[in-house]
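Dear colleague,

Please find below the structure I promised to pass on to you, together with its sequence. My notes on it follow directly after.

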Amino acid sequence: MNPKPSSKFSISTFILLLLLSFLIVAAYSSTDANVEANEVGSDEESDDLEQLLAVDEQLQEDRPEHQQSEAESVSKAQRIVLELSGDNTKRVIDGNEFVMVLGYAPWCARSADLMPRFSEAATALKEIGSPILMAKIDGDRYSKIASELEIKGFPTLLLFVNGTSQPFTGGFSAEDIVIWVQKKTGAPIVTVNTVDEAQRFLKKYHTFVVGLFEKFEGYEHEEFVKAAKSDDEIQFVETSNKDVAKLLFPDLKTIGLVKTEAERYTVYDGSYKMENILEFLGSNKFPLITKLTESNTVWVYSSPVKLQVMIFAKADDFENLAQPLEDLARKFKSKLMFIYVDITNENLAMPFLTLFGIEASNKTIVAAFDNNLNSKYLLESDPSPSNIQDFCSGLADGTVSRYYRSEPVPDNENASVVTVVGKTLDELVLNSRENVLLEVHTPWCVNCEAISKQVEKLAKHFKGFENLVFARIDASANEHAKLQVDDFPTILLYKAGEKEKPLKLSAKKSAKEMAVFINEELKPKNGSAKDEL
């Protein structure tokens, strides 16, 4: 089956394009070095991990403080992660209650990017006394073991609880990993009793939900705990100390959300029900403007706000728009989600811009996707604050027209087969008084070239045939609301007066068979025919 066209835009295609862009990023020149540094070494060294770590820690303590470099700290963190192999994997997983496994490949750039965060999370979890064992396995080298663990791509994170695996569903920063692991293996809520504990908590967590309860019991507290257990992304913290609550969230009454951005404190004023608390978090956990990165795409896509405004701009240009955009984000909260994409980062920006046919742009672009309706929108005027506001208001009201990509209008003078683009489909096909045989093709379609030759042959054969036009459109570069094609090539006959229901010709037909079909459908009343090629 040939690939589907961009003319039938779907969110699955959109996400696939985005994720594929990350996978084809050129491998970091330092990937091999990073992976090598992450490896513990031989199986014997892995078995003696704790003893080696103890020696290393003692050496660090004996060494002058100024000699303990950041690189050494990173190296120490990496050695906390146990290296699995064909010999020790089963023993490690079966012998520990909780094991988090990172499946990686030395050549995978995303693996190299995730490893230091994974190591940092391992260090943080060790410091807070988590019972989890953090491990990694070279899935390329130990492909059989990786397959048995159901590691199907790189990188892959799996949590094993008493030997049974479950997929990782959290974010990919060190803090995200720590929070997710804590929720799955320990208490879902951190209890803070003193101001000193609160100050230490603030150094570790940047986004969290805080609850102030006189007693840690009763219906209200139970629903808070249920919400904490159901959410895998945000750290929950509770206290009964008003001074602690004031430090964590000034003027806190019951429940509040804290973030490290312009909208730092958000008060929850709903009922004490788990579902309502989770709904509140879903609508408010994102920053006013989320900067898209390689590691947060899944998190962004999980937002319950499916109408998403995307600003593609250089960093300096975005700064000039940041304040009015924050104001708009506050105004349209729960209706629109605002996302900033660095337009100079081709791996992030290009998959989106390609969907609009504006890959070559280096100017600020404002666009939007409705992930519920599988539709896209584009601000085609100057992206000034006032124009952006009008665009967003129209999106929220449902008055902005969908965007359909189109190539420039071509010169069809003396063409036997007319070239149609998105902008001219109405004029040349749907609204014309003529019968139109339309060839829908794409550059990457294997069989399209052969069909194009047949269409050209038919056009010459029927030259002078009254009221019949032959045309073609490249569906990879042109879209239209009334052109929804799944397979390529596709041949459609739009009969005059019946344009809403085009007839589909089989692409497997010979030119002669197509000529017979056309004659049968368009045969003049006098019975003349042209079916001999």
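**A pair of strands and the sheet around it**

Valine 309 stands opposite phenylalanine 338, the latter in strand β13. The model in which this pair is seen is a predicted one. Strand β12, which covers residues 307–313, and strand β13, which covers residues 337–342, pair in the parallel sense, and six bridges connect them.

Two helices pack on the sheet to which these strands belong. Helix α16 (residues 346–354) touches β12, β13 and β14, the last of these being residues 365–370. The direction of helix α16 makes about 120° with that of β12. Helix α17 (residues 385–397) also packs on the sheet, where its contacts are with β12, β13, β14 and β15. The direction of helix α17 makes about 10° with that of β14.

As a whole, the sheet is open and has five strands, in the order β11-β13-β12-β14-β15, with mixed pairing. Which strands stand at the edges? They are β11 (289–291) and β15 (375–378); each has a single partner strand, so one side of each is left without a neighbour in the sheet. On average, neighbouring strands of this sheet are turned by 25° against each other, direction ignored.

**Cis peptide bonds**

Two peptide bonds that precede a proline deserve a look in the backbone. A cis peptide bond joins phenylalanine 154 and proline 155, with omega at about -10°. Proline 155 has its place in the loop between α8 (143–148) and β4 (156–161). Phenylalanine 488 and proline 489 are likewise joined by a cis peptide bond, and omega is about -10° there. The loop that holds proline 489 runs between β18 (468–474) and β19 (490–494).

**Positive phi values**

Glutamate 150 is not a glycine, yet its phi is positive, at about 65°. This residue lies in the loop between α8 and β4, the loop in which proline 155 also has its place. Is glutamate 150 buried or exposed? Its relative accessible area is 52%, and residues over 50% count as exposed, so glutamate 150 is exposed.

Serine 334, another residue other than glycine, has a positive phi near 80°. Its place is the loop between α15 (315–331) and β13. Strand β13 is thus met again here: it is the strand that pairs with β12 in the parallel sense and that both helix α16 and helix α17 touch.

With kind regards

How values were computed
Residues are numbered from 1 along each chain as its sequence is written. This is a predicted model: local features need pLDDT of at least 70, side-chain atom pairs count only at pLDDT 80 or more; totals for chains, interfaces and linings use all residues. Side-chain values use heavy atoms; hydrogens and water are left out. Two strands pair if DSSP finds at least two bridges between them. Helices (H or I, at least four residues) and strands (E, at least two) are DSSP runs, numbered from the N terminus. Axes are lines fitted to C-alpha atoms, for helices over the stretch in contact, and angles run from 0 to 180 degrees between N-to-C directions. Contact means heavy atoms within 4.5 Å. Buried means under 20% relative accessible area, exposed over 50%, partly exposed in between (1.4 Å probe, protein chains only).
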